[in-house]
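Work through these exercises with the model open beside you. Try each task before reading its solution.

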Amino acid sequence: MADLIRAALVQTTWTGDKESMIKAHEEYARQAAAQGAKVTCFQELFYGPYFCQVQDSAYYSYAESIPGPTTERFQALAAELGMVMVLPMYEQEQPGVLYNTAAVVDADGTYLGKYRKTHIPQVKGFWEKFYFRPGNLGYPTFDTAVGRIGVYICYDRHFPEGWRALGLAGATVVFNPSATHRGLSSYLWKLEQPASAVANEYFVGAINRVGVEPLGENDFYGTSYFVDPEGKFVGETGDPHQAELIVRDLDLALLAEVRDRWAFYRDRRPDAYGPLVQP
């Protein structure tokens, strides 16, 4: 595994139907590969609209098994391109048991596993408890061709415990695919994830969709980015209004440098944290 990896994020707009959305992401993946990217992550619930703006059981039809048809389609593409892929999707484990999930596929097309979103909001414009059960797989990390990666999804980012669990499990890059809108969270967007990258000493890839979709007034503001373990943006952040493929070089050698400098993992006091996990 090289110290320098080229990584990509996709922020885009809703195309109007699932198949055209999948095809658009296949094209983004090919563009990323053409630029030398070896890992890419799509936005939350990537092949659909952000239907959680409303509560309508018709959108249950977007759910599918993981692994399943979309996962297998991108497994083939990952193998063709030699690219690790993080695929945030709507998962049906069985009828009536639904999760907000991200599948992880290695660069040879191997399905490595999945993360299920742990923290589920239920507020205006984000009626997610109507659609998803809370995740039950913990905070897995995945050994890939570009190193050990983790996934945390959207609302999860407000909870420091999962960020830390991924760091303790050895993640070097954590992807946070999201759907968040201008009026609600933009003041936090460039604070929380850089702070989490610093506190846990790894890279974070933060992805947000763009545009106003027909289901509501949420104005998704893009501005996707990579941030390093010093809290510095890697290159420019994404456009706040337009679809964009973001490709950046991540210098993983920085991880050891930062961990030696600060030694946060050495100085943790888990013996003192018991009350934090009491209900």
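## Exercise 1: The six-stranded sheet

Task: Give the order of the 6 strands in this open sheet, and say which strands stand at the edges.

Solution. In this predicted model, the order of the 6 strands is β5-β4-β3-β2-β1-β15, and the sheet is open with mixed pairing. Now look for strands with a single partner. These are β5 (111-116) and β15 (244-251), so each has one side left without a neighbour in the sheet. From one strand to the next, the twist averages 30°.

Next, take one edge. Strand β1 (residues 4-11) runs antiparallel to β15, and 8 bridges join the two. Pick Val-10: its bridge partner in β15 is Leu-245.

Last, find what covers these strands. Helix α1 (residues 18-34) lies across β1, β3 (84-94) and β15. Its direction is at about 155° to β1.

## Exercise 2: The five-stranded sheet

Task: Trace the sheet of 5 strands and name the helix that packs on it.

Solution. Start with the order: β8-β9-β10-β11-β14. This sheet is open too, and its pairing is mixed. Its edge strands are β8 and β14 (225-227), each pairing on one side only. Direction ignored, neighbouring strands are turned by 25° against each other on average.

Now check the pairing at β14. Strand β11 (residues 203-208) pairs with β14 in the antiparallel sense, over 3 bridges. Gly-205 has Phe-226 as its bridge partner in β14.

Then add the helix. Helix α4 (residues 182-200) packs on the sheet and touches β10 (173-178), β11 and β14. The angle between its direction and that of β14 is about 35°.

## Exercise 3: The nonpolar cores

Task: In the largest nonpolar core, which residues touch the most other members?

Solution. The core holds 42 residues. Those touching the most other members are Ile-149, Val-173, Phe-175, Phe-203 and Leu-250. By element, the largest share comes from β11, with 4 residues.

Follow one of these residues outward. Beyond its neighbours within four places in sequence, Leu-250 contacts Asp-3, Leu-4, Ile-5, Ala-7, Val-173, Phe-203, Phe-226 and Val-234. Val-173 and Phe-203 appear in that contact list, and both are also among the residues that touch the most other core members.

Apart from the largest core lies another, of 40 residues. Its members include Phe-74, Leu-77, Leu-81 and Leu-87.

## Exercise 4: A salt-bridge network

Task: Find which residues are linked with Glu-91 in a network of salt bridges.

Solution. Begin with Lys-114. Its side chain meets that of Glu-91 in a salt bridge of 2.7 Å, N to O. Lys-114 is in strand β5 and Glu-91 in strand β3, 23 residues apart.

Move on to Arg-116. It forms a salt bridge with Glu-91, with the closest N and O atoms 2.9 Å apart. This pair also links distant parts of the chain: Arg-116 in strand β5 and Glu-91 in strand β3 are 25 residues apart.

Put the set together. Glu-91, Glu-93, Lys-114 and Arg-116 are linked in the network.

Now ask: are Lys-114, Glu-91 and Arg-116 buried or exposed? The cut-off for buried is under 20% relative accessible area. Lys-114 has 18%, so it is buried. Glu-91 has 1%, so it is buried. Arg-116 has 3%, so it is buried.

For contrast, try Lys-232 and Glu-230. Their salt bridge has its closest N and O atoms 3.3 Å apart. Lys-232, at 48% relative accessibility, is partly exposed. Glu-230, at 27%, is partly exposed as well. The total count is 19 salt bridges.

## Exercise 5: Placing Tyr-131

Task: Where does Tyr-131 lie, and which residues is it in contact with?

Solution. First, locate it. Tyr-131 is in the loop between β7 (126-127) and β8 (141-144). Second, check accessibility. Tyr-131 has 2% relative accessibility, so it counts as buried.

Third, list its contacts, leaving aside neighbours within four places in sequence. They are Phe-51, Cys-52, Val-54, Gln-55, Asp-56, Tyr-59, Tyr-60, Tyr-90 and Leu-98.

Finally, compare sequence and space. Tyr-131 and Thr-172 are 41 residues apart along the chain, and their C-alpha atoms are separated by 31 Å.

## Exercise 6: The annotated span

Task: Which residues does the UniProt annotation "domain: CN hydrolase" cover?

Solution. According to the unreviewed UniProt entry, the annotation covers residues 5-252. The end C-alpha atoms of that span lie 8 Å apart. The span is 23% helix and 31% strand.

Terms used:
Residues numbered from 1 in each chain as written. Predicted model: local features only at pLDDT ≥ 70, side-chain atom pairs only at ≥ 80, totals over all residues. Heavy atoms only, no water. Pairing = 2+ DSSP bridges. Axes fitted to C-alpha atoms, helices over the stretch in contact; angles between N-to-C directions. Contact = heavy atoms within 4.5 Å. Buried < 20%, exposed > 50% of the residue type's maximum accessible area, 1.4 Å probe, protein only. UniProt positions renumbered as here; feature names shortened; annotations may be inferred. Core = buried A, V, L, I, M, F, W, Y, C linked by side-chain atoms within 4.5 Å. Salt bridge = Lys/Arg side-chain N within 4 Å of Asp/Glu carboxyl O.
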